Amino acid sequence: MEQYVIKGGNPLVGEVVIGGAKNAALAILAAAIMTDETVVIDNLPDVRDINVMLQAIQGIGAMVERVDRHTVKINGSHIKDVNIEYDYIKKIRASYYLLGALLGKYKKACVALPGGCNIGSRPIDQHIKGFKALGAEVSIEHGQIATEAEELVGNHIYLDVVSVGATINIIMVAALAKGNTIIENAAKEPHVVDIANFLNSMGANIKGAGTDVIRIKGVERLHKTEYSIIPDQIEAGTFMFAAAATKGDVTVKNVIPKHLEATTAKLLEIGCEIEEYDDAVRVVASGPLQHTHVKTLPYPGYPTDMQPQIAVTLGLSEGTSIVTESIFENRFKYVDELARMGGNIKVEGNTAIISGVEKYTGARVSAPDLRAGAALVIAGLAAEGITVVDDIVYIQRGYEAFEEKLRGLGAKIERVNSEEEITKFTLKVS
Ligand code: UD1
């Protein structure tokens with residue numbers, strides 16, 4: 001099992017280039033099989049979840065050609081199978097996008113039901129509500145979710161909760177349904193807009209993505225396209241908080257500053273300086289960090305995927321901060337790990353009360369999930385001494401070349417695979 005070993009205490013300084021958005025890419029890869037023509041997708045992040053999705057698409061007969069590390073060609077004309085039951089696909093929640101893509105194109109799909117998740121129970125009732133409203137039957141048997149329709153017909157759908165996944169799945173099915181669909185209370189996240197733009201570039205007719213009412217006029221078929229995925233706002237935000245927690249000066253490049261506004265606002269509140277450029281944001285943390293309050297909300301609110309990173313940073317701020325998690329119920333698992341590094345956080349229900357400490361001290365900790373894992377790396381970078389982060393397989397799900405990018409900013413971090421390598425690193429840096 002690989003680990004990160006970190007010698008903390010260095011301010012991060014320099015420039016880092018952000019890759020394509022993992023969560024947009026997962027949906028776009030699924031949607032790419034909705035045409036029989038060849039689709040070229042660029043700015044694809046080279047991370048574990050994406051590679052699992054590519055394998056799943058290949059597994060049902062689609063042609064997948066990796067042109068280079070960040071570009072892929074997909075042709076879905078030879079798909080023979082609408083059943084996706086591989087064990088590995090259960091591990092990525094976004095496997096459910098294949099339901100929408102296959103149902104839209106073949107009017108039939110059967111996908112292994114994504115299992116429980118480290119950040120809490122994640123129902124898919126809104127996805128099912130959407131499929132049914134468009135004319136499909138849905139059943140759950142033997143750990144699989146099966147859906148089939150004689151005809152898909154547009155409808156007026158009101159989502160009871162703002163769900164990124166349900167919004168995207170309904171868009172995909174409605175894109176090839178007969179007539180018009182209106183989705184109300186739709187998610188507004190940048191990746192919802194990206195998938196709509198992608199499908200429109202394939203000939204779909206989707207309007208209003210990015211607002212809470214999306215209107216889709218079904219078309220008969222979709223055609224080839226070449227598309228570049230938007231930058232990853234969560235990867236960018238993670239580096240921005242790494243800059244703040246280490247009292248550094250980091251410019252994140254290849255970003256859309258508008259997508260980072262919630263993060264930027266919080267960094268300003270805690271005393272960082274921010275410079276915005278057309279496609280870059282610079283974060284400078286020269287003085288002491290101040291406490292603040294934050295509540296996770298659907299976009300444009302503060303993202304739940306950035307909650308552990310801000311909490312770890314607030315743990316080093318002056319005074320008491322309150323972080324409220326309103327999207328997922330089990331997203332404070334890193335708190336016990338951080339306590340081992342000297343963090344002082346008390347969790348009550350969906351609220352974390354953070355009493356700032358002067359410093360963290362290096363310790364051995366485990367990544368409980370993807371974003372919490374990245375946050376523990378941030379803590380390690382800021383901490384005095386050596387931190388070892390176990391279970392980094394979670395972090396690799398969503399961060400490409402994480403340690404290399406951090407080393408480019410002056411961090412002392414290595415990916416290791418044994419106690420010997422940890423000792424070697426410790427001797428090298430001490
Ligand atoms: C996506 C992101 C994830 C992010 C989350 C919220 C991907 C692959 N994942 O997940 O990283 O943390 O958005 O920004 O893009 N819900 C229901 N019923 C449903 C669907 C959702 O009750 O049918 C609830 C969920 O339990 C949660 C809330 O709605 O409380 C938001 O979930 P949703 O936006 O669907 O998250 P995902 O699309 O799974």
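These questions and answers cover the ligand, the aromatic pairs and the empty spaces of a predicted model.

Visitor: How many residues surround the ligand?
Guide: The residues counted here have a heavy atom within 4 Å of the ligand. Among those surrounding the ligand, the closest are Gln126, Ser163, Val164, Asp305 and Ile327. The full count is 21.

Visitor: Which residue has a polar side-chain atom 2.8 Å from a nitrogen atom of the ligand?
Guide: Two other contacts go to oxygen atoms of the ligand. Tyrosine 96 places a polar side-chain atom 2.8 Å from one oxygen atom, and glycine 165 has a backbone N or O atom 2.8 Å from an oxygen atom. The contact to nitrogen, through a side chain, comes from aspartate 125.

Visitor: What share of the area that the ligand exposes when taken alone does the protein bury?
Guide: The polar contacts of the ligand include one from the side chain of tyrosine 96 to an oxygen atom, at 2.8 Å. Taken alone, the ligand exposes 740 Å². Of that area, the protein buries 86%.

Visitor: How many aromatic pairs does the count come to, and how is the pair of tyrosine 399 and phenylalanine 402 classed?
Guide: The count comes to six aromatic pairs. In the pair of tyrosine 399 and phenylalanine 402, the ring centres lie 4.7 Å apart and the planes are at 35°. Planes under 30 degrees apart would count as stacked and over 60 as edge-to-face, so this pair is tilted.

Visitor: Are tyrosine 399 and phenylalanine 402 buried or exposed?
Guide: The cut-off for buried is under 20% relative accessible area. Tyrosine 399 has 5%, and phenylalanine 402 has 2%. Both values are under the cut-off, so tyrosine 399 and phenylalanine 402 are buried.

Visitor: Which residues do ring pairs link into a cluster with Tyr399 and Phe402?
Guide: Tyr399 and Phe402 form a tilted pair. Ring pairs link these two into a cluster with Tyr4 and Phe239.

Visitor: What classes of residue line the second largest pocket?
Guide: This pocket holds about 340 Å³ of space. Of its 18 lining residues, the closest to the centre are Gly104, Leu176, Val219, Glu220 and Arg221. By class, the lining has seven nonpolar, three polar and eight charged residues.

Visitor: Which residues line the largest cavity?
Guide: A search of the whole structure finds one cavity of 30 Å³ or more. The largest cavity has about 30 Å³ of space. Its lining is made up of Gln233, Ile234, His259, Leu260, Ala262, Thr263, Pro303 and Met306.

Definitions and conventions: Residues numbered from 1 in each chain as written. Predicted model: local features only at pLDDT ≥ 70, side-chain atom pairs only at ≥ 80, totals over all residues. Heavy atoms only, no water. 1 Å grid on protein atoms, 1.4 Å probe; cavity = no way out; pocket = protein on both sides within 12 Å on 5 of 7 lines; lining within 4 Å. Points joined across faces, edges and corners; volume = space filled by probe spheres on them. Nonpolar A, V, L, I, M, F, W, Y, C, P; charged D, E, K, R; others polar. Phe/Tyr/Trp six-rings, centres within 6.5 Å; stacked < 30°, edge-to-face > 60°. Buried < 20%, exposed > 50% of the residue type's maximum accessible area, 1.4 Å probe, protein only. Polar contact = N/O pair within 3.5 Å; in protein donor to acceptor, adjacent residues only side chain to side chain. Areas by Shrake-Rupley, 256 points an atom, 1.4 Å probe, with all protein chains shown as cover.
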